[in-house]
Amino acid sequence: MSDPPPAAPARDHSSDPAHDQAVRQELQRMTRRSFATGGVAALLGAAGLGWLKSAPPEGGIPWPLRRMLEFNARLAQAVFPEGRRAPTFDPSQAKEPRVNGRLGLAPKIDPRRWRLNLLGPGAAPAVERALPLAAVRELPRHEMVAEFKCVEGWSQVVQWAGARLSDFIARFGRDTPYVGLATPDGEYYVGLDRRAAQHEQTLLAYEMNGRPLTPEHGAPLRLVCAVKYGVKSIKRLGAIQFTDLRPADYWAERGYDWHLDH
Amino acid sequence: MLRLVHKHPRPIRWMHWINVVLLSGMIWSGLLIYWAHDVYGLQIGGVVLFRFFPEWFYGLLGLRARLAEGMAWHFALMWAFALNGFAYVAYTLLSGEWRHLVPNRNSFREAWQVLLHDLHLSRVEPPRRKFNGAQQFAYTGVILMGGGSLLTGLAIYKPVQCAWLTALLGGYPWARFAHFALTLGYVAFFLVHITQVIRAGWNNFRAMVCGYELVADSPAAEVRHV
């Protein structure tokens with residue numbers, strides 16, 4: 001603040017130094033008290049932050065943050081209507097998405113000998129059926145041009161073709177609260193809740209942008225789930241399990257939200 | 001003669017300082033998220049002038065490979081940030097404080113004068129009241145930016161469920177960019193704000209802590225010596 005505007009004093013205020021002194025003391029008292037309160041609040045905040053950061057981890061993050069992600073997911077499922085469709089685009093907008101994840105894609109596989117294993121219940125499930133790709137191809141074919149959104153922040157419009165997971169479940173599976181999916185080698189695995197599994201934009205895709213899937217994009221069969229981030233769209237499916245318990249999810253074990261709805 | 005003038009009501013002071021912490025937390029966790037897809041920068045023709053952000057920046061702040069952590073914090077702190085912001089707006093509306101904060105029809109001219117004065121291009125003193133026109137634009141603008149961050153944030157947090165909002169913002173990539181640009185706006189606000197607070201001095205700063213400003217009613221008593 002610069003100098004006060006020049007003006008002739010109406011009367012002589014300097015004759016009241018006691019008053020000014022009292023005002024200063026009062027302000028000093030209030031200032032000290034406010035800084036003390038602020039200091040205590042800052043210490044409490046720092047202590048709370050310290051506690052939060054050192055809270056036992058649940059899936060790679062402190063448990064209160066995990067609970068928060070679960071709360072957010074429950075709230076979103078309560079607020080947003082089930083089955084709301086992701087926006088779709090004109091096929092001319094579709095482009096090749098980048099190859100971002102190679103988990104579970106390392107072993108060489110022979111597409112002719114590839115099978116999709118239907119697993120029984122439990123933690124060490126038996127293979128109940130082994131389906132060839134033809135079994136999926138015989139289901140009604142659906143095309144979808146949707147924005148593939150990576151949890152990292154990039155996005156790409158992609159055209160997919162395949163069977164609806166809901167049709168597959170009706171034909172080969174069971175209507176359970178959860179579906180677990182894994183690569184043939186079990187290195188990568190994701191879980192879906194019924195809401196996502198039954199969504200009409202959740203496909204078992206065998207084509208991308210009008211051509212059969214390439215190995216790096218998950219040949220011969222992958223999942224595409226338009227209502228969730230890309231990490232849920234597991235490539236090179238090898239096994240599928242219909243289960244009452246929430247399945248393990250590779251990235252949810254590493255700090256990410258289990259749901260990843262968006 | 002000195003007297004104490006009540007300047008900032010207690011709720012505003014609390015919400016101001018709480019917001020300092022929460023907005024810092026949002027920006028920090030936002031950087032952890034941004035690192036995973038750091039595509040923005042300043043480019044003229046084919047020449048990259050500046051990249052958000054250079055590698056040394058990530059290294060210095062330890063921001064690399066912490067996307068999951070960033071999302072977990074961002075999606076927890078967002079509630080506190082939003083609630084504090086809504087509480088602030090509600091309080092200013094109910095208490096009448098908004099009258100000091102919202103620009104009126106004189107504010108634009110006044111803000112221009114303040115700008116010229118602060119850049120030493122004009123000797124016309126800024127008006128002496130709670131907030132001058134430039135402050136009114138800045139403090140109202142930053143609240144609108146807060147609303148913008150919530151909206152653009154929602155648009156990229158739920159781009160399927162809130163697809164109408166995402167589309168309104170020009171689609172997912174543009175909504176993400178707007179969310180980022182607003183954050184740069186906070187940083188710009190912060191730099192100007194800090195500069196002005198330092199220029200204004202201790203008496204002004206103290207009022208945001210204890211609520212009162214020391215005012216001299218006559219030129220005989222110099223406020224700046226307190």
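In this predicted model, helices α5(B) and α6(B) are roughly perpendicular to each other, because the angle between them is about 105° and angles of 65 to 115 degrees count as roughly perpendicular. Helix α5 covers residues 107–118 of chain B and helix α6 covers residues 133–157, and their axes lie 6 Å apart. On the α5(B) side, the residues that meet the partner helix are B:S107, B:F108, B:E110, B:A111, B:V114 and B:L115. Facing them from α6(B) are B:G133, B:A134, B:Q136 and B:F137. Sorted by character, the residues of this contact come to 6 nonpolar, 3 polar and 1 charged.

The loop between these two helices, α5 and α6 of chain B, holds B:K130. Is this lysine buried or exposed? B:K130 has 15 C-beta neighbours inside 10 Å and therefore counts as partly exposed, since a buried residue needs 20 or more and an exposed one has 12 or fewer. Once the neighbours within four places in sequence are set aside, B:K130 is in contact with B:K7 and B:H100. Between B:K130 and B:G147 there are 24 Å from C-alpha to C-alpha, with the two residues 17 positions apart along the chain.

A second pair of helices in chain B can be described in the same terms. Helices α1(B) and α8(B) pack at an angle of about 135°, and 11 Å separates their axes. That angle makes α1(B) oblique to α8(B). The crossing of α1(B) and α8(B) is left-handed. From α1(B), the contact draws on B:L23, B:I27, B:G30 and B:Y34, while α8(B) supplies B:F180, B:T183 and B:Y186. The residues of the contact of α1(B) with α8(B) are 5 nonpolar and 2 polar, with no charged residue among them.

Next comes the meeting of the two chains. The contact takes 42 residues from chain A and 44 residues from chain B. On the side of chain B that touches chain A, two or more residues come from each of several elements, namely β1 (2–6), α1 (10–34), α3 (67–95), α8 (172–200), α9 (202–210) and β4 (212–216). Which element gives the most to this side? The answer is α3(B), with 8 residues. By character, the side of chain B that touches chain A divides into 31 nonpolar, 6 polar and 7 charged residues.

One residue of helix α3 of chain B, B:A76, gives a closer view. B:A76 counts as buried because 23 C-beta neighbours lie inside 10 Å, and the cut-off for a buried residue is 20 or more. Leaving aside neighbours within four places in sequence, B:A76 is in contact with A:L65 and A:M68. Within chain B, B:A76 and B:M26 are 50 residues apart in sequence, with 9.5 Å between their C-alpha atoms.

Chain A can also be considered as a whole. Its secondary structure comes to 5 helices and 12 strands. The radius of gyration of chain A is 29 Å, well over the 18 Å that the globule rule gives for 262 residues, so chain A is more spread out than a compact globule. Along its principal axes, the C-alpha trace of chain A spans about 105 × 45 × 35 Å. Of the 262 residues of chain A, 33% count as buried. Among the contacts in chain A with a separation of 6 or more, 67% are between residues 24 or more positions apart.

Methods:
Residues numbered from 1 in each chain as written. Chains lettered and ligands numbered in written order. Predicted model: local features only at pLDDT ≥ 70, side-chain atom pairs only at ≥ 80, totals over all residues. Contact = placed C-beta atoms within 7 Å. Helix = DSSP H or I, 4+ residues; strand = E, 2+ residues; numbered from the N terminus. Nonpolar A, V, L, I, M, F, W, Y, C, P; charged D, E, K, R; others polar. Axes fitted to C-alpha atoms, helices over the stretch in contact; angles between N-to-C directions. Parallel < 35°, antiparallel > 145°, perpendicular 65-115°, else oblique. Left-handed = near helix turned anticlockwise from the far one by under 90°. Rg over C-alpha atoms; globule rule 2.2 N^0.38 Å.
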